[in-house]
Amino acid sequence: MTRIAVDAMGGDYAPRAIVEGAVWGAYEYNVPIELVGREDKILAELDRIKQEGVVFTGNGIFKPRRIKINPENLDIKVTHASETIEMGEAPGQAIRRKKNSSIVLAVKAVATGSSDAVVAAGSTGAAMASSLFGLGRLPGIERPAICLTLPSMKKPVIVIDGGANANSTPEMLFQFGIMGSTYAKTILGIENPRIGVLNIGEERGKGNELVNAAYRMFEQKKEQLNFIGNVEGKEVFLGNCDIIVCDGFVGNVALKTIEGAASMLFFMIKNQFTENLLSSVIGALAKPFMKKIYKKINYEEFGGQLLLGVKGITVICHGRSTAYAIKNAIRVAKEAVEKDVNKKIEAFYKATLDSQE
C-alpha cells in the first residue's frame, strides 16, 4: 500500500495544520502516513487530535466543523527529525548543513523505500533541492519543474514551470511541455492535451529569444505534442489551451498574481454583500452559489503541486496550507504514485526523442 511521508514542520501553520491534514488524509484516502519532524511536537498533536478531532476552518466561506478522527486507528508512524529548514535559508546550503532536517529526512524516506511519496509545505526551494539531490532526475530531464493545476472556464489547465527554475533554457521548456502533457493525460484524463508557450502575443516571432527558441523546438514536434503555438496570459482562464509552458520566474509571478486577484475579488464581493440590509439579504441568497464558485477556484482544493522530473513523487504545498490543503495534497501524491506518472513521463519523453531521428 502507498505510504506518504509528510514534512510535519514545514509551512506557516506547522506542525498543527500539517499533522491534522496528514491524519485527515490518512482517514479519508485510507493511506499510511509517515510524519517526519520533532517527535515530541508531532506526538503532542496526535494526542490533541485524539481528544479534539480535526477542525476544518472553512476559510470564512464554509461553516467551520469538527471531524472526529482517532489517529490510533490509522497507520501513522513518526520519524524524528531534530532540525527544520526555515523559509529564509538558502536551500542548497541548508540541506547540506541540516542533514537531519524534516524535509531532508522526508525525501530520504522515499529514496530508501520507507515511503512512496513526500508532501511538503514551507520552503519550495528546500523541497526542490532535497528532492533533486536526494532522488535524482529522470533520464534526459535537465531540471524538475513545478506543475501547477489551475481552474479555468472549461476545465483545469496546467501551468509549468510554476517556480522551480527562475532561469530556463529552450530545451528545459520543451521538456516541461512533455512532462506537463504526460501529467494531463495520466492524472486529468485529457486525451490529447494542447500545449502552448506563454508569450506577450499569439503571433509567431513574438517575445524574447527564450520563448522563440522553445517555439521552434515545439513546432518540430507539433503533431506528436499537439502544439498550438504561443498563448497569452488570458488563456490561463479561458481554457483554450491545456498546458501553458513558461519559465519558473514567469510562472510563479503569474501564480501569485492570480492568488492576489482571487482574494481581492472575494473580499470585494463579501464587502458588497454586507454593506446594508438589502445587500445582506441578497448575499444570504447568493451564498450557496458563491460556495460552489469558491470551491472551484480555491487553491486548497488542488492541495499541492507535483514536482515533475525527479525520480520519485514530491508534492509541494503552499506555505500557508491549512489542514484541508494538506489532506488534498495527500490525495495528489497517492494518485501520482498509483498511476505511475514518472514511468509514463520517461516513456513519452523517449518516444518523442525517437521520433526526431
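Contact means heavy atoms within 4.5 Å. The model is predicted: local features need pLDDT of at least 70, side-chain atom pairs count only at pLDDT 80 or more, and totals for chains, interfaces and linings use all residues. Residues are numbered from 1 along each chain as its sequence is written, and side-chain values use heavy atoms, with hydrogens and water left out.

**Exercise 1. Contacts of Ile160**

Task: State which residues Ile160 touches, not counting residues up to four places away in sequence, and place Ile160 in a nonpolar core.

Solution.
Step 1. With that exclusion, Ile160 touches Ala145, Ile146, Cys147, Phe176, Met179, Gly180, Ile243, Ile244, Val245, Cys246 and Leu308.
Step 2. A nonpolar core is a set of buried Ala, Val, Leu, Ile, Met, Phe, Trp, Tyr and Cys residues joined through side-chain atoms within 4.5 Å. Buried means under 20% relative accessible area, exposed over 50%, and partly exposed in between (1.4 Å probe, protein chains only).
Step 3. The largest such core has 70 residues, and Ile160 is listed with Ile33, Leu35 and Ile330 as having the most contacts inside it.
Step 4. Apart from it lies another core, of 36 residues, including Leu105, Leu135, Ile146 and Val236.
Step 5. In soluble globular proteins, nonpolar side chains tend to be buried together.

**Exercise 2. Backbone exceptions**

Task: Locate the cis peptide bonds at Pro15 and Asp161, and the positive phi values of Asn30 and Asp340.

Solution.
Step 1. Most residues other than glycine have a negative phi, and most peptide bonds are trans.
Step 2. The bond from Ala14 to Pro15 is cis, with omega near -5°. Pro15 sits in the loop between β1 (4–7) and α1 (16–29); helices (H or I, at least four residues) and strands (E, at least two) are DSSP runs, numbered from the N terminus.
Step 3. Ile160 and Asp161 are also joined by a cis bond, with omega about 20°. The loop holding Asp161 runs between β8 (157–160) and α6 (170–186).
Step 4. Asn30 has phi near 50° and belongs to the loop between α1 and β2 (33–37). Asn30 counts as exposed because its relative accessibility is 55%.
Step 5. For Asp340, phi is near 55°. This residue is in the loop between α13 (323–338) and α14 (341–354), and its relative accessible area of 33% makes it partly exposed.

**Exercise 3. Surroundings of Lys339**

Task: Decide whether Lys339 is buried, partly exposed or exposed, and list what Lys339 touches beyond four places in sequence.

Solution.
Step 1. Lys339 lies in the loop between α13 and α14.
Step 2. Its relative accessibility is 33%, so Lys339 counts as partly exposed.
Step 3. Beyond four places in sequence, Lys339 touches Thr186, Ile187 and Lys344.
Step 4. Lys221 is 118 residues from Lys339 in sequence, and their C-alpha atoms are 26 Å apart.

**Exercise 4. The whole chain**

Task: Compare the radius of gyration of the protein with that of a compact globule, then give the box dimensions and the buried fraction.

Solution.
Step 1. The radius is taken over C-alpha atoms, and the globule rule is 2.2 Å times the number of residues to the power 0.38. For 357 residues, a compact globule would have a value near 21 Å; the protein has 21 Å, which agrees.
Step 2. The C-alpha atoms fill a box of roughly 60 × 60 × 35 Å along the principal axes.
Step 3. Of the 357 residues, 53% count as buried.
Step 4. The protein has 14 helices and 13 strands.
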